[in-house]
Amino acid sequence: MKTVRFKKIDAFATSASSGNPAAVVYLDSLDELSDAEKLRIAKELKGCVSEVGFVSPGAAADFDLCYFSSEREVAFCGHATIAIMNDIIADSALLRGRRTLTIATRTARLAVENRYDDERSVYISSPPAVHAEAVIAPSDAAAALHCRVDDIDATHPIRLINAGLETLIVPMTGLEAILRAAPDLRTLA
């Protein structure tokens, strides 16, 4: 049986268990655990945290990170990254003296702005957004949202965007149209 260093950390918190929880597993290399083992750990933590971040010293960046939910690998998890980097910097006087660090995720190399000594905070850049080429017809979006086609604003495109989390952007005509919608999550998935 392998032993790994694990921690539950709350991002965006001023007191214990008041923020957005994430788990972190500290590794010597991301290859230390297989993806199947990482997924198994994330499944064991379902209900405790939504994502588990795995971090190791980096090859082409200061740190390498990858993320798993209880269902699959996730391209990027912002709150886990902030929690992990804040924890790493808090534990290292050497890193607290550096204003900028870099992290490599499976999708991008990102900057971390270190403001730990001044604010007890770190800031991260997000991966660049990728727009999918998929064309989604307003009638298909309306069917998935259980709304009328004319509730969708035809002056803007329906887009599928991924900046770490794949997101469907459906422009609605207003608040009443949004409130009328009753998304069918299975169809949307």
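This text walks through a predicted model, from its strands to its side-chain contacts.

Let us begin with some strands. Strand β9, covering residues 130-131, pairs with strand β10, covering residues 159-162, in the antiparallel sense over 2 bridges. Strand β10 also has a partner in strand β11, residues 166-169: these two run antiparallel and are joined by 4 bridges. A good residue to look for here is Asn162. Asn162 is the bridge partner of Val130, and in β11 Asn162 has Glu166 as its bridge partner. If you find Asn162 in the picture, you can trace the connection to β9 through Val130 and to β11 through Glu166.

Now turn to the surface. Which residues make a nonpolar surface patch of about 260 Å²? The patch is made by Leu168, Leu185 and Leu188. Leu185 belongs to helix α7, which spans residues 185-188. Is Leu185 buried or exposed? Its relative accessible area is 65%, and since exposed means over 50%, Leu185 counts as exposed.

Next come the aromatic rings. A pair of aromatic rings is described by the distance of the centres and the angle of the planes. The structure holds 2 aromatic pairs. In one of them, the rings of Phe54 and Phe68 have centres 5.9 Å apart and planes at 90°, so this pair is edge-to-face. Phe54 lies in strand β3 (residues 52-57) and Phe68 in strand β4 (residues 63-68), so the pair ties together parts that are 14 residues apart in sequence. Phe54 is buried, with a relative accessible area of 0%, and Phe68 is buried too, at 3%. Tyr67 and Phe76 also form an edge-to-face aromatic pair, with 5.8 Å from centre to centre and 75° between the planes. Tyr67 has 0% relative accessibility and counts as buried, while Phe76, at 9%, counts as buried as well.

Charged side chains give us another kind of contact to follow. How many salt bridges does the count come to? The count comes to 15 salt bridges, and we can visit a few of them. Arg106 and Glu73 meet through their side chains in a salt bridge, at 2.8 Å from N to O. Arg106 lies in the loop between β6 (100-104) and β7 (109-115), and Glu73 in strand β5 (residues 73-74), so this pair ties together parts that are 33 residues apart in sequence. Both ends can be placed by their accessibility: Arg106 is partly exposed at 45%, and Glu73 is partly exposed at 29%. These two residues also belong to a network of salt bridges that links Asp35, Lys38, Glu73 and Arg106.

A salt bridge between helices comes next. The side chains of Arg96 and Asp117 meet at 3.5 Å, N to O. Arg96 lies in helix α3 (residues 93-96) and Asp117 in helix α4 (residues 116-119), so the pair ties together parts that are 21 residues apart in sequence. Arg96 has a relative accessible area of 25% and is partly exposed; Asp117, at 46%, is partly exposed too.

One more salt bridge is worth finding in the picture. Arg180 forms a salt bridge with Asp151, and their closest N and O atoms are 2.6 Å apart. The pair links distant parts of the chain, 29 residues apart: Arg180 is in helix α6 (residues 175-180), and Asp151 is in the loop between α5 (138-145) and β10. How do the two ends sit relative to the surface? Arg180, at 38% relative accessibility, counts as partly exposed, whereas Asp151, at 1%, counts as buried.

Finally, let us look at the cysteines. A disulfide is a covalent bond between the sulfur atoms of two cysteines. How many disulfides does a search of the whole structure find? The search finds 0 disulfides. Take Cys77 as an example: the nearest cysteine sulfur, that of Cys66, is 12 Å away. Because a disulfide needs the sulfur atoms within 2.5 Å, Cys77 is in no disulfide. Cys77 counts as buried at 5% relative accessibility, and another cysteine, Cys147, counts as buried at 15%.

How values were computed: Residues numbered from 1 in each chain as written. Predicted model: local features only at pLDDT ≥ 70, side-chain atom pairs only at ≥ 80, totals over all residues. Heavy atoms only, no water. Pairing = 2+ DSSP bridges. Patch = residues over 30% accessible without salt bridge, like charges linked within 9 Å, V, L, I, M, F, W, Y side chains within 5 Å. Areas by Shrake-Rupley, 256 points an atom, 1.4 Å probe, with all protein chains shown as cover. Salt bridge = Lys/Arg side-chain N within 4 Å of Asp/Glu carboxyl O. Buried < 20%, exposed > 50% of the residue type's maximum accessible area, 1.4 Å probe, protein only. Phe/Tyr/Trp six-rings, centres within 6.5 Å; stacked < 30°, edge-to-face > 60°.
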